[in-house]
Amino acid sequence: MRVPRPRSLAGQLFAMQVVLIAAAVAGCSLFVYVSERSRAERSAAAQARAVAVSVADSPVVTDALTGPDPSAVLQPYAERVRRDARVTFITIMAPDGTRFTHPTPERIGEKFVGHREPALRGETFSETFTGTLGPSVRVVTPVRAADGRITGLVSAGILLERISEEVSRQVVSMLWVAVGALALCGAGTYVINDRLRRHTHGMNAAELSRLYSYHQAALHGVREGLLLLDGQRRIALINDAGRELLGLTGDPVGRPVVDLGLPPPLNGALLAAEPRVDELHLTAERILVVNTSPVSGGERRGTVVTLRDHTELQALSGELDSVRGFADALRSQAHEAANRLHTVVSLIELGRSAEAVDFATHELELAQALTDQVVAAVGEPVLAALLLGKAAQANERGVELVLDPDSRIDDGVPPALAGRDLVTVLGNLLDNAIDAAQGAQTPRVTVTARAADGELLLRVSDTGPGLDPSLREEIFTRGWTTKAGKGHGIGLALVHQVVRRASGTVTVTESATGGAEFTVRLPLRDGTPEPAGRPAAGDDTAVPYDGDPPQAPPQPLPAQRDRTPQETR
């Protein structure tokens, strides 16, 4: 058996409003009827009092009551006044109640039906009483002679039936007004509830309640950030992940987007009228993938914004690019090693064994010297591995990578950064420097890495064309690049983000060769030991490190020195 679907919320409200309006109109109608009847009875009593008093004060009445035949004079007079005053009856009687006038002539001479005692005492009073004509509102007043004696009584009245007819006519008119009001209110209620039905999609209260519960659970359960902006670009809704990704504190609902302190490019994406799809934006601590979709419905109603944290993925992507570069360098070195091996084999086949031994020994010394030089200067394994890989990569691209002799980082002296962040900072700076120096007349990149005085110093300079001084503030914004094609413009922005997150600084100046020189300073963690010293040449004993070491001209990494004619045979 199919269970009937509950009435929608709009339908329930419509039914309730119609019942309430009908009850209100009915109550008002009953109140008006009762109050109008009471008013009509009071009005009828006042009218009857005025007629009775005026008739009792008339000289015609006082004279006729002392005459031989009062009815002959008073009956025509009373009927004429009754018709003019629009009352039901006027009865003039003797003090004992004998009628001298009556709307029905046959009743003349009979006793008056009703109370007379207050009037005989000289009072004028009103009452509702059922007489020979039916229930009526009547007034009885005395007629006094010139000497003050009560010579008769006058009663004037209006039937209740007549009062009811008058009230009924008024009530019918009022009922038509009430019906019109009910119809008007019903039509207005229907229009309002029809709009409500469209907004609630015809759902009932239980469905709306369940939908709200699901909405709240889904809103705060998803890991992606969700924002809803209204037409005035204010935050109408934001989930917990959205607050975390944007770094917002407190309750931002109702605040304009421009007041949230977000980076200008991110503000521009959130305020854009057109949709944005998978755009990368940087905040103070994160890399966000932003998607926006305007909510349309004849007019702009707002924007739905989704945010995804891309920080870890971007870091992994940078590491993957570095690994690919290392793989390419290893592939190139494997190719060169095969050529050298063929050379050694050929020398042996030619009977020149001594030269073959000299050639092979020299190649081993070069390879070992490369490793020894980097490891001796940079004890931090992540930076050492990165420098060795970048040296091979630069050599493959025809660029000389030089390690400044002032470089010194002992093992166990990490800055306030993880190894991944070190790769991000130095790797991006080296990539940009190699790209810039590749087309120079003397392609060279000089690297300085030193841990001293409570900070880690990383300096990368190149012999490229340099940077326009007016652009040195813009190069750290997302999207700034001098390279063609898509997928660029994120490296320096990442460097700036990582350095700022570690409370460090990054500056760019002109190098001594006219190229660009980037300097990064990162604070070391508390308790970090200072460099113990630099070993002397040919001696494994460490000597105390006092101040800056003696300046010496930068030496290229051995893998990049020019080979002798013997090496190229």
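Trainee: What relative accessibility does Arg99 have, and is Arg99 buried or exposed at that value?
Mentor: This is a predicted model, in which local features need a pLDDT (the predictor's confidence in each residue, from 0 to 100) of at least 70 and side-chain atom pairs count only at pLDDT 80 or more, whereas totals for chains, interfaces and linings use all residues. Residues are numbered from 1 along each chain as its sequence is written, and side-chain values use heavy atoms, with hydrogens and water left out. Buried means under 20% relative accessible area, exposed over 50%, and partly exposed in between, with a 1.4 Å probe and protein chains only. Arg99 therefore counts as buried, at a relative accessibility of 3%.

Trainee: Which residues are joined with Arg99 into one network by salt bridges that share partners?
Mentor: A salt bridge is a side-chain nitrogen of Lys or Arg within 4 Å of a carboxyl oxygen of Asp or Glu, and the side chains of Arg99 and Glu110 meet in one at 3.4 Å, N to O. Both residues lie in the loop between strand S1 (89–93) and helix H4 (117–120), so this pair ties together parts that are 11 residues apart in sequence. Glu110, which is partly exposed at 32%, also forms a salt bridge with Arg107 at 3.4 Å, N to O. Through these shared partners, Arg99 is joined into one network with Arg107 and Glu110.

Trainee: In which helix do Glu79 and Arg82 both lie?
Mentor: Helices are DSSP runs of H or I with at least four residues, strands are runs of E with at least two, and both are numbered from the N terminus. The side chains of Glu79 and Arg82 meet in a salt bridge of 2.8 Å, N to O, and both residues are buried. They are 3 residues apart, about one turn of the helix, and the element that holds both is H3 (residues 70–85).

Trainee: How far does helix H5 reach from its first C-alpha to its last?
Mentor: Helix H5 covers residues 160–200, which is 41 residues. The expected span is 1.5 Å times one less than the number of residues, and for H5 this gives 60 Å. The reach in the model is close to that expectation, at 56 Å.

Trainee: How far apart in space are Leu160 and Glu41, C-alpha to C-alpha?
Mentor: Leu160 has its place in helix H5 and is buried, with a relative accessible area of 15%. Leaving aside neighbours within four places in sequence, Leu160 is in contact (heavy atoms within 4.5 Å) with residues including Arg37, Glu41 and Thr128. Although Leu160 and Glu41 are 119 residues apart in sequence, their C-alpha separation is 8.0 Å.

Trainee: Which residue lies 40 positions from Leu426 in sequence and 8.3 Å from it, C-alpha to C-alpha?
Mentor: Leu426 is found in helix H12 (residues 419–437) and counts as buried, at 0% relative accessibility. Beyond neighbours within four places in sequence, the contacts of Leu426 are Leu383, Leu386, Leu387, Val447 and Val460. The partner at 40 residues in sequence and 8.3 Å in space is Leu386.

Trainee: Over which residues is the pLDDT below 50?
Mentor: The chain averages a pLDDT of 75, and 77% of the residues score at least 70. One stretch, which has 75 contacts in the model beyond near neighbours in sequence, has a pLDDT below 50. Where pLDDT is low, the predicted coordinates should not be read in detail. The stretch to treat in this way is residues 527–569.
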